[in-house]
Each structure stands twice: as structure tokens, then as C-alpha cells.
Amino acid sequence: MNISKFLGPVSNIEFDKLFLGQLFSHFSDAILQFILISILMETLPVAGKAIAITFFIFLLPQFLFSPFTGAICDKFSRKKILAFSALYRSLVLCLFIFFVYLKTGVSIQKIYITAFLLGCGSTFFYPAKMSILPNIVEGAQLKFANALNSSIGAIAILFGAFIANIIIYKSGNLGALCFIAFCYFVASIFCLAIKPKFPQSAAKISKKITEDMKIALNYIKGHRRALYLVLLSICIQFIVAAFSNTLNTLITDYYRLEFSDLTFLRTLLGFGIILGMVITIYLARILKLLHLFALGFIILCVALFTANFCNSLSIAWKWLIPIGIADAMVIVMLDTVLQKVTPDRVRGKIFGLNLTLNTLSFLIGTLAAIYSTNYIEPLTAFKLIAGIAFLMAGFIMLFDKSFRYFILKATLGQMFLLLFRYKVEGLENLPKKGKIILAGNHTGHLDPFIVQMATKRPLWFITGPEAFNVPIIKYFLKFYNVLPLKFGKGLEALDSAVNQLNKGEAVIIFPEGKFTPNGEVCKFNRGVGIMAKQAKCPIVPFAIKGGFETWNKKRKLPKFFNTIIIQFAQPLLDVD
């Protein structure tokens, strides 16, 4: 029993069949990519743009047909669709070997056509494997299963680059192509042998594919969490596409490295992705999805911003491995949450639509990398990609306050938890919903984070007008739940806070009205009582211990790893 729990989905024989089927499929895709790169590098003096165009064409069917393939996955047997996808690619590759490679000869145009046909087969694979996973794995093991599934692509990149280099060196491109065709065939056998544990929900068959797209779009529109996950996926795919194609250009055109050097660098990236899967599997047991996503996004942006410091192959691992780790963490978290928030009857449609939008973003990122190489150096492009990542996240944050709260708590909030020893007491006294006033001592600069990190609900903060006089801070505060007080205007100063309370929100106020000068509690102002009486809501007192010692008004920098404790008391109902 303990061994089964430790192994998780690995102890599930049906998941193992899916895992092996994906392994052979992704392995074949990875080796095929490197063979195409090898052929293009032999054919063209400058192959960076042709490589990017080939990948663009390979992904184009995913954008064009994913809504259709996603709907197919809800109507027909998902395991048969997986098997068909792998077998189809095996047949296409055999035709390419016999009628093109051996007879008429290889040309760039024929490579483009073959890439498109292979891409048509791959379009069925992703929505089918993502939608069938909850049919063979229990919900509690989805994070573990997705981490293992995502690691397959990483393993393919890591060992695919290594093996492709060996096979091409010993048996040439023809031997490698035959090997890939065989792997696709083996993948189809494993997929066909899957026996789902949980029955697939019957979906209503639509007469038109547009109806399926409307079903998926309407579901996403009506479920904010799913919408945010799709938007985040789009952003991540653009970043990954721009980075990956810029990296290829950097290697082949800018530094003029050989094919073996290219496979070495891509192997480093694959190793980083595998390491990211291992880290995700471990951290998923002790951290929340939100925390893991935030950590991966921070690592990705830092690595891209500092990529220009990489000036030799010997130190490239310092950037490629962290980027691989971040990519793995983010993708696993997005896939897991999206699977949990989508019902089985529309899951294929949702992942089909998600694949379409992600592919569109990836194609745009690829085109940006193709045409920017004529004007921007690859190392400079890395900085721009990192900047775009921040801008896209910021653009999304403008639309919804709950999402801004999500991002703020996922980044600055998690950094706070890493930098300080944080404890919460009396959390059972804090209502999870309904109007409530939180009132406590004002010890220092970290007080808002100390209170906010103790609860999952967004809180509204009452602050003085001085904060809105700081040039940068005043614009930042306008996008978050901050209520400015207007000194000298009597009860009008609390009107905005009372309005939020009447909407069922939670409001934080520091009755002292200022930082404590010596750590002791100062005299309370009467505004908190007036506000509670007008809104007819209880007050939850809190006390912060350690905040003054950590970062008070006189300290320029905080004292890291200091212990901070926040205690919540029972709600006060009689405000008189």
C-alpha cells in the first residue's frame, strides 16, 4: 500500500501504457527535428531561418485543426485516436523515405510538405492524451501524472538530441528516419492497448465544428479560472517559441557552431526540463500549485534577463538548465489545474481550443524570431523576450482585480514567505467570507503582507494619502485594493471603506494611524469603531509580533529570516 502510494500513477499499468506510448511518440518527434536540422544545415549555408520555418509549418496544423481534433476526442475513443495519430505519422514518414529521400531527392519544399503532413498527425495526439489522462488516473494523482507526462518531452529532447547525433553519425539521416518510423509504430501499439479505468462521458455530437468551438469558448468565458489558465498558457507559449527559435539562430547563424554543438546545448535544455519535472514532483507534495507556478515564472524571467552574460559553451548550462526547470514547472501546473477545472464531457474541446490558441501564440513567437534576426542580435532578443514576459503578465493584470491579487500573492507574497519565518495563530477566528473589519497594531513596512498572507481572500487596505504622493507607488496602488483616507474630512474619509464592507468584502485598518516609534501600541483612533457601526459588521482584532524588529520605520532594509507571528482574536460583535 505504501509502495503504491509512493509510486503514484507509475503503479497503474494503464498509465504505464500511455507513458510508453507518449515516450516513443515524443522520442520520434525529437529525433525527427534534429534530422531535419541536420539536412537543412547540409543543404543551406545559413539554416537558422529555414529551421524556424520548418517548425512553423509543422505546428501550423495544430492551429488550423485543433478545435476539430479536440471535438473528435470527446466523441470517439481517445485511445484509438492516440494510436491512429502515431500510426499515421509512421506511414507518412515511410512514404517520405521511399518516394522522396530514396527516389526523387530531398528539397526544402518537400521537407516543408512532409513537416505539414506530420504535423496533421501530431494535432490529434495532444488533446487525446490530455483528455484521456483523468480517465485512467485518479484525481489525487493528476499532479504526479502530469509531471511524469511532461517529463516525456524533456526526456525526448535530452536523449533524442544525444541519440540523433549518434545515429546520424553512424548510419546517416536515412537510418535515423527508418528508426523514427519504427518508433511511431511501437507508440501506436502501446496506445491501442490502454484500458481506461473510468468511462469516457458521452458527448453530444455536433453537426458543425463551429458548434464545438462555441461550446469550448462559452465554457471558458463562464469560468474565470479556466480563462486565466488559457491566457497564461498563451503567454508562456509565445515566450518559449521566441526563445527556442532565437536559440537555434544564435547557435547556427550567429556563432556558426556545428551540429554536435547544437545537440549538446539542446541536451542541456532537456536536462533542465527533466530536473524541473523532478523538482515539481517533489515540491507538489509540500507546496500549492500557485506557489510552484510563481516560482517557475520568476526563474524563467531572471534567466532570460541575464542570458547575455553567457559567452561560451562551457557556462551555457547556467542559463539553459534553469530555463528548462522553469518551463517544466509552469507547464505542469497549467495542465494540472486546467484538467481539474474542466468536466470530462468538454475536456477534449477545451484542450483542443487551448492547443489552437497556444499554437497561434507559438507561431507568432516563431515569426517574431524569424524576422527579428535581421535587425536584432540574439542576445539582445533574449532581453526583449524577458521584457515581453513581464509586459504580457502586466497586461493581463489590468483586466481583473482578482487576477492582480493572484499574481501579487504568487510573486511578492511567496518571496515574503521564503525570506521570513512566518507563523499564523487563531486563523479559525477569521471568516472566509462576508463583511469583516481586520484591525491591529502597525509595526512596520511589512504589515500588509503579514496580514494578507494569512488569508486566501482578497483584502482591502485603508492607507493614508502620503502613499499616493510617491510618483511610482501611487500608480501601482491604483490597480490594487487600496482605499485612501482623506484627512480633515471627518466621516467622509471612511465612506469608501464602508461601501466595500456593504459589498461583503474584508477591510484592513490600522487604528493607530501611523507606525509605532518604539514597538509599543499607540493610541487608537475612533474611525474603526465608526466604520464598524455604519457597516454593522464585526471586528477581528489581530496582533503582529516581530514586525517592528524585522522592518520598522527607521530601518532602511529588512532583517531577513526574522520570526514574524500574527495572531487573530475572536470577532468583536458589540462595537459600542
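Let me begin with I370, a residue that lies in helix α12, which covers residues 344-372. Before I go on, please keep in mind that what we have on the screen is a predicted model. With a relative accessible area of 5%, I370 is buried, because the cut-off for that class is under 20%. What makes I370 a useful starting point is its partner A50, which is 320 residues away in sequence, although the two C-alpha atoms are 8.9 Å apart in space.

From there I would like to turn to the helices towards the N terminus, beginning with α2. Helix α2 has 31 residues, which at 1.5 Å a residue should span 45 Å, and its end C-alpha atoms are indeed 45 Å apart, so expectation and model agree. Of those 31 residues, 22 are buried, and α2 is therefore largely enclosed by the rest of the structure.

Helix α4, running over residues 78-104, has 27 residues and reaches 37 Å from its first C-alpha to its last, which is close to the expected 39 Å. Within α4 there is a kink of about 35°, and its centre is I97. After the helix comes G105, which has a positive phi, near 95°. Helix α4 is also the place of S85, and S85 counts as buried, because its relative accessibility is 0%. Which residue should we look at together with S85, if we want a pair 37 residues apart in sequence? That residue is S122, and the C-alpha atoms of S85 and S122 are 6.2 Å apart in space.

Helix α5, residues 108-136, has 29 residues, and its reach of 42 Å from first to last C-alpha is close to the 42 Å expected. There is a kink in α5 as well, of about 25° and centred on K129. Since 23 of the 29 residues of α5 are buried, this helix is largely enclosed by the rest of the structure.

Now to the empty space inside the model. As a general point, rolling a probe the size of a water molecule over the atoms shows where empty space is left. For this structure the count is 5 cavities of 30 Å³ or more, and I will discuss the second largest, which has a volume of about 60 Å³. Its lining consists of D29, L32, Q33, L36, T54, F55, F58 and A115. Which helices each supply at least two residues of that lining? They are α2, residues 13-43, and α3, residues 48-75, and the largest share, 4 residues, comes from α2. Sorted by class, the lining of this second largest cavity has 5 nonpolar, 2 polar and 1 charged residues.

Let me move on to the aromatic residues. A search of the whole structure finds 10 aromatic pairs. One of these is formed by F416 and F420, whose rings are 5.4 Å apart from centre to centre, with 45° between their planes, so the pair is classed as tilted, being neither under 30 degrees nor over 60. Are these two rings buried or exposed? F416 counts as buried at 4% relative accessibility, and F420 also counts as buried, at 7%. Beyond this pair, ring pairs link F416, F420, Y422, F449 and F560 into a cluster.

Further along the chain, A532 lies in helix α18 and is buried, with a relative accessible area of 1%. A532 and I437 are 95 residues apart in sequence, while their C-alpha atoms are 7.1 Å apart in space.

My last topic is backbone geometry. Most residues other than glycine have a negative phi, and most peptide bonds are trans. Against that background I would draw your attention to K536, a residue other than glycine with a positive phi, near 55°. K536 is found in the loop between α18, residues 527-535, and β6, residues 539-545, and with a relative accessible area of 72% K536 is exposed. The other example I have chosen is F561, again a residue other than glycine, whose phi is positive and near 65°. F561 is found in the loop between α19, residues 547-551, and β7, residues 563-568. At 48% relative accessibility F561 counts as partly exposed, because that value falls between the 20% and 50% cut-offs.

How values were computed
Residues are numbered from 1 along each chain as its sequence is written. This is a predicted model: local features need pLDDT of at least 70, side-chain atom pairs count only at pLDDT 80 or more; totals for chains, interfaces and linings use all residues. Side-chain values use heavy atoms; hydrogens and water are left out. On a 1 Å grid over the protein atoms alone, a cavity is a set of points where a 1.4 Å probe fits but cannot get out, and a pocket is an open set with protein on both sides within 12 Å along at least five of seven lines; lining residues have an atom within 4 Å of a point. Grid points are joined across faces, edges and corners, and a volume is the space filled by probe spheres set on the points. Ala, Val, Leu, Ile, Met, Phe, Trp, Tyr, Cys and Pro count as nonpolar, Asp, Glu, Lys and Arg as charged, and the others, Gly among them, as polar. The expected span of a helix is 1.5 Å times one less than its number of residues. The bend at a residue is the angle between axes fitted to the seven residues ending there and the seven starting there. Rings of Phe, Tyr and Trp (its six-membered ring) pair if their centres lie within 6.5 Å; planes under 30 degrees apart count as stacked, over 60 as edge-to-face and the rest as tilted. Buried means under 20% relative accessible area, exposed over 50%, partly exposed in between (1.4 Å probe, protein chains only).
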